[in-house]
Amino acid sequence: MMKLNELYKKIEDCQQCSLGKTRTKLVFGTGSEEAEVVFVGEAPGYYEDQKGEPFVGEAGKLLTELLEKIGIKRSEVYIANVLKCRPPGNRDPAPEEVEICKEHLLQQIEVIKPKVVCTLGNFATQVILGKKVPISRVRGTPTLTKEFFVFPLYHPAAVLHQRWMLEPLEEDFQKLREFLNSPISVPQLQKAEQLDLF
Ligand code: URA
């Protein structure tokens, strides 16, 4: 089995799509290779592209605070994005960029084997679930896909613009804490089946 640093070496000079020409730095992901939780955002923004690290701006600060409130250090989780390179001007990722880059993310998840993958916002949630479900309907509930549990959450960047979202996001982080504390239960599996995610 490949390790994360080997995976990184494989794609650090990636030119599989046109974002390879416009990026400053490829943003692979940061955190623990033994993480129980992997967070997945959409794509690097301006600061992430400059630094080569995900979630280093205001949204990242909020994510770190939310984690600390449930007793988890940022260094204990793993943080990545669906896209490894910034789309110019933060435009929406193009479908072919997602198709290519999603594979790198899935390989990272395969190496880490986390208990749960927390998708942040509509975009990452729909890519990982492979379904056009609104985040408002699926947030805060773990669902089982073929390979791993997915726990959708509002995107912290959305909360920065719509403060009313902070309370539900904090509640969902509490639910995440409970999920991590509990052994995986039958009702959770049944719920996943009802959602037809198998
Ligand atoms: N928003 C994202 O989705 N990802 C980042 O890395 C930063 C902000």
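This is a short dialogue on reading the sheet, the aromatic pairs and the cavity of a predicted model.

Trainee: Where should I begin with the sheet, and what is its strand order?

Mentor: Begin by following the strands from one side to the other. Here the sheet is open, has six strands with mixed pairing, and reads 1-3-2-4-6-5.

Trainee: Which strands stand at the edges?

Mentor: Look for strands with a single partner. Strand 1 (30-31) and strand 5 (143-144) each have just one partner strand, so one side of each lacks a neighbour in the sheet.

Trainee: What packs on this sheet?

Mentor: Helix 5, residues 95-112, does. It touches strand 2, strand 3 (78-81) and strand 4, and its direction makes about 165° with that of strand 3.

Trainee: How many bridges join strand 2 to strand 4?

Mentor: Four bridges link strand 2 (residues 37-41) with strand 4 (residues 116-119), and the two run parallel. To find your place there, look for F39, which stands opposite C118 in strand 4.

Trainee: Now the rings. How many aromatic pairs are there in the whole structure?

Mentor: A search finds six. To read a pair, check the distance between ring centres and the angle between planes; an angle over 60 degrees counts as edge-to-face. Y8 and F28 have centres 5.3 Å apart and planes at 65°, so this pair is edge-to-face.

Trainee: Why does the pair of Y8 and F28 tie together separate parts?

Mentor: Y8 belongs to helix 1 (residues 4-11), while F28 sits in the loop between helix 2 (19-22) and strand 1, so the pair ties together parts 20 residues apart in sequence.

Trainee: Is F28 buried or exposed?

Mentor: F28 is buried, with a relative accessible area of 7%. Its partner Y8 is partly exposed, at 32%.

Trainee: Which other pair is edge-to-face?

Mentor: Try Y154 and W164: 6.2 Å centre to centre, with 80° between the planes. Y154 lies in the loop between strand 6 (149-150) and helix 8 (156-161), and W164 in the loop between helix 8 and helix 9 (166-181), ten residues apart. Y154 counts as buried at 7% relative accessibility, whereas W164 is exposed at 54%.

Trainee: Which residues form an aromatic cluster?

Mentor: F149, F151 and F179 form one.

Trainee: Lastly, what volume does the largest cavity have?

Mentor: About 110 Å³. The structure holds one cavity of 30 Å³ or more. Next, see what lines the largest cavity: of 16 lining residues, the closest to its centre are C14, C17, K84, C85 and C101. Helix 5 gives the largest share of that lining, four residues.

Note on methods
Residues numbered from 1 in each chain as written. Predicted model: local features only at pLDDT ≥ 70, side-chain atom pairs only at ≥ 80, totals over all residues. Heavy atoms only, no water. Pairing = 2+ DSSP bridges. Contact = heavy atoms within 4.5 Å. Axes fitted to C-alpha atoms, helices over the stretch in contact; angles between N-to-C directions. Phe/Tyr/Trp six-rings, centres within 6.5 Å; stacked < 30°, edge-to-face > 60°. Buried < 20%, exposed > 50% of the residue type's maximum accessible area, 1.4 Å probe, protein only. 1 Å grid on protein atoms, 1.4 Å probe; cavity = no way out; pocket = protein on both sides within 12 Å on 5 of 7 lines; lining within 4 Å. Points joined across faces, edges and corners; volume = space filled by probe spheres on them.
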